[in-house]
Every structure is written in C-alpha cells, then in structure tokens.
Amino acid sequence: MYEQVSHSLLNQILDEIKPEIRKRNLLRFYTRLGANFYAIHSLFIHLYGDREDFLQQMVKLVEVLAMRYIERSEELEALDIERELNHNWFLDQKWVAMAFYAEGFAGDLKGVRNKCGYLSELGINMLHIMPMMKCPPGASDGGYAISDFRDIDERYGSIDDLHDLAENLRKRDMLLTLDVVVNHTSDQHDWAMRAKQGEKKFQDFYYCFPDRDVPDMFEETLPEVFPETSPGNFVWNEESQRWVMSVFNDYQWDLNYSNPTVFIEMIDIILFWANRGADVIRLDAVAFLWKKIGTTSQNEREAHLILQLMKDCCQVTAPGVVFIAEAIVTPTEIIKYFGEDAVIAKECEIAYNATLMALLWDSVATKNTKLLTQGIKNLPTKLNRATWLNYIRCHDDIGLGFDDRDIVASGYQPATHRKFLLDYFTGNYDNSIARGVPFGHNLKTGDARISGSLASLVGLESALKIGDQKMINDAIKMITLLHGMILSFGGIPLLYYGDEIGTLNDDSYLLDESKASDTRWIHRPRIDWERAELRYHNGSVENRIFTALQKLIAVRKTIHAFADFNNRELVEVDNDHLFVFIRNHPEHQREEVLVVANFDANPQHLNLLALRKRGQLSFMQLRDLVTGDSPAIFKDDLVVPPYSFYWLSDLHTSAAF
Ligand code: OTU
C-alpha cells in the first residue's frame with residue numbers, strides 16, 4: 001500500500017542509513033521493503049510511536065534488515081525467489097516432519113548428518129532440531145534457557161557443523177527447522193549479566209522492579225506455568241536488588257518487548273538463523289510475548305502485533321522462511337497466531353495443533369470419539385495460506401486443553417472428565433494400561449498435565465512387561481492409528497523421535513539432578529541404535545511400527561487430497577467410536593479420500609449407504625489406499641476392525657494413483 005507519511009519516512013530513513021548499505025545494489029531488498037514498509041511502519045509506530053527516539057529505532061531496524069540481506073547467501077536468495085513464485089510450497093502433502101534433540105537422537109550435529117539416511121528411509125523430509133544454542137551447564141530447560149543466541153552449544157557442535165548439515169539437507173530436498181526462543185533468555189545471558197551489574201540499558205531488556213509493588217499486581221492474575229519447580233512469576237536477584245519477571249523457570253528471564261531494542265535484537269537473531277540455513281523457524285512460547293497487569297499476560301493483542309512485525313520484517317530479508325507458532329493455548333486462541341482478518345498468514349504460517357493432539361488422547365482413553373468429533377467440529381477454520389503442525393507427542397507434556405463447552409456437549413462434566421484422563425494416563429484408573437506420569441501438578445488449582453512416551457501411554461510398556469501378545473498388537477495398532485490421523489488430517493505431520501520404533505519411557509533422568517524434578521525428561525530419550533536395527537527383523541515390535549509408518553508416509557505423499565487447502569469436511573456419523581472425515585481434492589472430486597478411524601476395542605460399523613443418501617459420499621466401490629484392498633464389504637456396510645483406520649477412495653480412480 002502506498003501511503004505518503006510512511007513513504008516520506010522511508011525516504012528519510014534511506015538518507016540516514018549507514019553509507020556502506022547505501023552504496024550497495026540492493027534492488028530486491030528495496031522492492032520488498034517498499035512493499036512491506038507501510039505495514040512495518042504502522043506496527044512499529046503502534047508499539048513504539050510514543051518514544052522520542054522512534055526515528056532512530058526505525059532506522060536501526062531497517063539497517064538490521066539490510067545488513068542481514070547483504071549477508072544472505074546467493075543460494076538462499078535463490079530459494080527465496082523460488083518460494084516467492086511457489087508461495088504455497090509448505091502446504092504440499094510431501095512434507096513429513098520429525099522433532100528431536102541433536103544429543104538424544106544422534107549425539108551431536110555431525111551425528112544428525114550421519115542419520116539423514118535413517119530419516120529418509122522413514123520418509124521424513126523436515127527436521128526440527130530442538131534448541132541447541134549456547135546454554136549454561138546444568139538446568140537449561142532442555143535448551144530453552146539460552147545464554148548466547150548466536151552460537152551453537154559446544155556439546156552439540158559448531159556453526160560450521162550446522163552449515164554442513166544445512167547444505168546436506170538442501171541437496172536432499174529436506175527442510176531444516178530451528179528454534180528461536182523469543183520470549184526469554186537464560187539469566188546467564190550477557191544482557192542478564194549486565195542487568196545484574198546494574199546497567200540500566202540492560203535492565204530495560206527485562207521486567208526489573210526494586211520492590212514487590214508491581215510484581216504483586218502482576219501476580220494477582222498471572223497463572224503459573226511450572227507450579228512445582230518454579231512457583232510464582234518473579235525471582236529476586238540479590239546482585240541488582242531487583243525482582244525480575246521469570247514466568248517459566250527462575251533462570252529464564254522474560255524479555256520486555258515494550259522496548260524496541262529488544263524487538264530489533266530478536267529480529268536480528270531470527271534473520272541470523274535464517275541465514276544459517278533455517279527454512280522454518282519455530283518461535284517458542286509466543287503467547288507470552290506481551291505482559292499487562294490485570295491480565296494473564298497470554299494472547300495479548302500486542303503479542304500478535306509483535307509477531308506480525310516479525311513476519312513483515314522477515315519477508316523483506318528472507319521471504320523463503322516460514323514461522324511456526326508454538327502457542328499451546330485454547331483452540332479459539334491458537335488460530336489467531338496465523339494472523340486475523342486476512343487470507344494469507346500475517347503472523348505465523350504454521351501452528352502447533354495442540355487441539356487435535358489433546359482430542360486424540362481423549363479418544364485413546366475413552367475409546368470413543370465424542371469429544372474428538374465435537375472438538376474438531378468447533379475447530380475454527382484457518383486462513384488459506386496457513387497450516388497445522390499435527391502431532392501426537394512432542395518434547396513437552398500433554399495438556400488437556402479442551403474447551404469446557406465441548407466437554408459438556410459430549411456428555412461429561414469438565415473437572416471429572418479431566419481427572420479421569422489424568423488418572424487414566426498415569427495408570428491410576430482401574431486397570432489402565434497407560435504408564436504416564438503427572439507433570440506440573442498445581443496444588444492451588446488442582447490442574448495437572450501428563451508426561452510419558454507415546455508407546456508407554458498407549459500400553460506397549462505394560463504389554464511387553466507381561467508379554468501379552470494381544471496387548472502388544474493392540475498397542476502397535478493404536479500407534480499406527482494415531483499416526484494415520486496426523487498424516488491425513490490436513491497439515492504437516494510432526495513425528496516425535498523414538499516413536500517410530502516404539503521407544504518406552506526412560507527413567508534415567510531421575511539420576512540427573514538438573515532434570516530429576518521435570519518429568520518431561522521421561523519422554524526425551526537417547527536413541528538406542530542397536531534397538532533401531534531391529535526394524536529390519538521381521539515381526540519385531542520395532543519392525544512392525546517402523547514399516548507401518550514408513551508405508552503410511554509413502555502413501556500420504558501420493559495423495560493430492562492430503563495437501564492442505566482447507567479441504568477437510570468432518571462427517572458426523574451415528575457411531576460414537578468412529579472418527580470420520582473427508583479430504584476433498586481441490587480440483588478432482590473423484591480423488592477425494594474418506595478417512596474412517598475406529599478407536600474402540602471392538603469392530604465398528606459405518607453405514608455407507610446412509611452417507612451416500614446424504615450426498616456425503618459419491619463413489620460406489622471403495623478401495624483402501626494403504627493396503628490397496630477393496631473387499632466386498634466396502635460397499636454398503638463398512639466394518640472397521642479394532643484400533644484401525646482406512647483411507648478410502650474411489651476404486652476406479654484410485655487405481656491410477
Ligand atoms: C515451550 O513450552 C517449550 O516447548 C518448552 O519446552 C519450554 O519449557 C517452554 O516453552 C519455555 O521455553 O510456552 O506456549 O506446558 O507446553 O511451557 C506454550 C509446558 C509454551 C509447555 C509450555 C510451552
């Protein structure tokens with residue numbers, strides 16, 4: 001948009017910009033800056049317009065964008081241009097992701113490079129390497145307490161190792177996802193150290209207060225994220241005689257985004273990693289970016305404006321890079337991280353689908369799909385150029401973040417139902433086969449979340465312990481079923497390392513003092529590569545899970561209707577154990593896919609005739625795209641075996657793909 005005030009400001013900035021930038025030929029940079037400047041200026045003025053140094057800050061921001069553009073390699077710029085042309089590139093069904101710790105998965109970054117073959121074998125082509133920037137020794141919240149944002153921790157390797165890995169991935173057409181922890185730093189970060197020494201400039205990077213007045217006001221409405229290990233949201237720093245806001249662990253100090261210097265530093269850091277080869281950047285804990293007394297300081301409007309500004313800036317310098325919003329909040333709030341009132345994502349192109357994740361776990365425990373269907377029915381429609389990251393497990397706990405109204409509509413009472421789920425997954429309910437452990441138990445509110453590996457949560461651990469073949473089979477089926485859902489739902493499926501070979505809970509964290517109080521470590525394994533070899537042993541648990549997922553991933557990649565163009569239609573059926581939806585093909589109706597999943601221990605029936613009568617199904621004879629089978633029973637009355645699912649398509653059309 002052309003707007004005179006911002007345009008004349010842009011001219012003024014270009015006059016004031018450092019001579020070394022002015023002299024360069026930055027044609028592409030200037031066209032993008034011109035296109036985005038109105039938005040950048042409006043957002044920047046909204047957030048920081050009342051400051052006397054507004055103009056200097058604006059110049060500084062543009063300089064950072066330009067410097068990082070100059071630094072961007074030709075190869076990455078070529079990718080930018082390619083992705084600008086094919087701007088829906090990340091919505092394709094070909095992408096399948098996995099998240100892992102460099103250390104737990106492969107020792108270090110060199111190790112990760114050596115394991116690319118393993119990932120390709122499974123079909124993974126998008127890697128999310130958990131944070132590996134410099135952290136203090138001891139507790140660092142699994143890498144989320146960073147002491148130097150521009151360096152790799154020597155435990156995992158070096159910037160050169162990352163460079164080699166990124167180059168290797170590009171050759172393999174694999175994507176690299178890196179974390180940028182935007183909300184906080186370690187209390188050992190240089191900024192924090194200088195704040196401790198009393199430097200005002202750096203105290204302004206955080207929320208520092210000489211007494212309890214303001215902290216107490218905040219505490220009235222701030223919830224606690226880690227109530228057991230880090231109660232309260234402020235920590236006393238003896239050296240500077242200040243209370244410092246630390247919403248997460250005591251050693252994670254919240255950055256103050258009402259200070260434009262913090263914003264400019266952080267966009268510089270984001271672009272730094274973009275230039276080191278990140279295709280996707282995961283922005284951690286984005287819901288927390290703006291703090292306001294009298295609120296929970298989550299999902300504030302300004303947090304969204306900051307993300308929009310980050311996106312607009314990134315588009316100027318590195319338009320090929322997409323963002324993932326990590327906002328594990330209620331369904332109606334999550335959707336806003338794509339950016340509101342637009343067609344294309346204005347904030348983050350990708351967001352964690354915590355809603356689907358929690359709903360799937362509900363179906364595992366209840367063996368019915370009442371809440372799952374209800375929750376998905378109310379999942380708000382997202383923008384067109386935006387997609388979900390669909391996952392079953394990740395490195396964090398499972399929060400039961402359902403909408404209470406959906407719980408009620410499914411016939412349960414919210415508090416009792418949540419208590420049931422917690423008891424079920426922690427093995428405290430009747431003869432529950434799940435082997436999870438509680439996380440974040442809050443004695444004041446009674447809330448708790450769940451830790452545990454996928455395999456242990458679905459009963460594989462207890463089944464193996466007693467050597468019960470039927471239970472083992474059921475657990476494997478459940479693991480496959482859950483993956484079948486995230487691979488077909490619409491969005492990028494995100495697998496979690498170790499799940500592909502049925503990795504069980506790992507108690508060894510209890511021996512490490514810096515981890516023992518955080519149960520999430522029970523599901524952050526070190527891969528046993530000898531066990532992983534068992535994937536080649538026919539009939540082993542590892543083999544059965546690995547080959548099943550390998551097959552599903554390969555099939556997903558061939559199904560055009562699985563690309564994400566908001567082309568999912570939920571089908572409500574009169575069987576409470578089935579979860580049914582249709583994935584439409586944007587152009588060819590005959591290539592649509594009917595997904596039917598049975599979460600129950602008994603076979604379940606689906607009346608296809610009724611679907612046809614209601615006009616929800618157009619084909620007569622179906623074929624399962626995974627097995628290729630098309631038995632006679634696929635005609636009118638579909639029988640779905642226990643813990644199983646089908647990806648069904650028209651028999652005649654599907655023969656071609
Ligand atoms: C994120 O987590 C990370 O994924 C966690 O591993 C970190 O501990 C945390 O940030 C701090 O860096 O902020 O928006 O319930 O789900 O803390 C959600 C725990 C987050 C996590 C929550 C989450």
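1. Helix α9 buries Asp161, Leu162, Leu165, Ala166, Asn168, Leu169 and Arg170. The list includes charged names such as Asp161 and Arg170 beside leucines such as Leu162 and Leu165. Bear in mind that this is a predicted model. The helix covers residues 159-171, which makes 13 residues. Its end C-alpha atoms are 19 Å apart, and this agrees with the 18 Å that 1.5 Å a residue should give. After α9 comes Asp173, with a positive phi near 55°.

2. Helix α24 can be checked in the same manner. This helix takes in residues 541-558, 18 in number. From first C-alpha to last it reaches 26 Å, close to the expected 26 Å. Its buried residues are Val541, Glu542, Asn543, Ile545, Phe546, Leu549, Leu552, Ile553, Val555 and Arg556. What do they pack against? The partners are helices α8 (116-122), α21 (460-466), α22 (469-488) and α23 (529-533), together with strands β17 and β24 (644-650).

3. Now the barrel. Eight strands close it, in the order β1-β2-β5-β11-β12-β13-β14-β17, and the pairing is parallel. On average, neighbouring strands of this sheet are turned by 25° against each other, direction ignored.

4. One strand pair deserves a look. β11 (residues 280-283) pairs with β12 (residues 322-325) in the parallel sense, over four bridges. Arg282 has Ile324 as its bridge partner in β12. Helix α14 (residues 301-317) lies across both β11 and β12. The helix runs at about 160° to β12.

5. Strand β17 (residues 492-496) is where Ile492 sits. Is Ile492 buried or exposed? Ile492 counts as buried because its relative accessible area is 2%, below the 20% cut-off. Leaving aside neighbours within four places in sequence, Ile492 is in contact with Phe90, Trp95, Ala97, Met126, Ile350, Thr387, Trp388, Leu389, Asn390 and Arg556. Of these contacts, Arg556 is also among the buried residues of α24. Gly375 is a separate reference point: 117 residues from Ile492 in sequence, and 19 Å away, C-alpha to C-alpha.

6. Aromatic pairs number 36 in the structure. Phe29 and Tyr30 make one that is edge-to-face, with 5.4 Å centre to centre and 70° between the planes. Phe29 counts as buried because its relative accessibility is 0%. Tyr30 has 27% relative accessibility, so it counts as partly exposed.

7. Phe44 and Tyr48 also form an edge-to-face pair, at 5.0 Å centre to centre and 65° between the planes. Both residues are buried. Both lie in helix α3 (residues 27-48), four residues apart, or about one turn of the helix. Why does that spacing matter for direction? An α-helix has 3.6 residues a turn, so residues three or four places apart point the same way.

8. Ring pairs also build a cluster. Its members are Phe100, Tyr101, Phe105, Tyr118, Tyr496, Tyr497, Trp521, Trp529 and Phe546. Phe546 is one of the buried residues of α24. Tyr496 falls within β17, which spans residues 492-496. Two lysines sit over rings of this cluster. Lys115 lies over the face of Trp529, 4.0 Å from the ring centre. Lys515 places its charged end over the ring of Trp521, 4.4 Å from the centre.

How values were computed:
Residues are numbered from 1 along each chain as its sequence is written. This is a predicted model: local features need pLDDT of at least 70, side-chain atom pairs count only at pLDDT 80 or more; totals for chains, interfaces and linings use all residues. Side-chain values use heavy atoms; hydrogens and water are left out. Rings of Phe, Tyr and Trp (its six-membered ring) pair if their centres lie within 6.5 Å; planes under 30 degrees apart count as stacked, over 60 as edge-to-face and the rest as tilted. Buried means under 20% relative accessible area, exposed over 50%, partly exposed in between (1.4 Å probe, protein chains only). Helices (H or I, at least four residues) and strands (E, at least two) are DSSP runs, numbered from the N terminus. A charge sits over a ring if NZ of Lys or CZ of Arg is within 6 Å of the ring centre and within 35 degrees of the ring normal. Two strands pair if DSSP finds at least two bridges between them. Axes are lines fitted to C-alpha atoms, for helices over the stretch in contact, and angles run from 0 to 180 degrees between N-to-C directions. Contact means heavy atoms within 4.5 Å. The expected span of a helix is 1.5 Å times one less than its number of residues.
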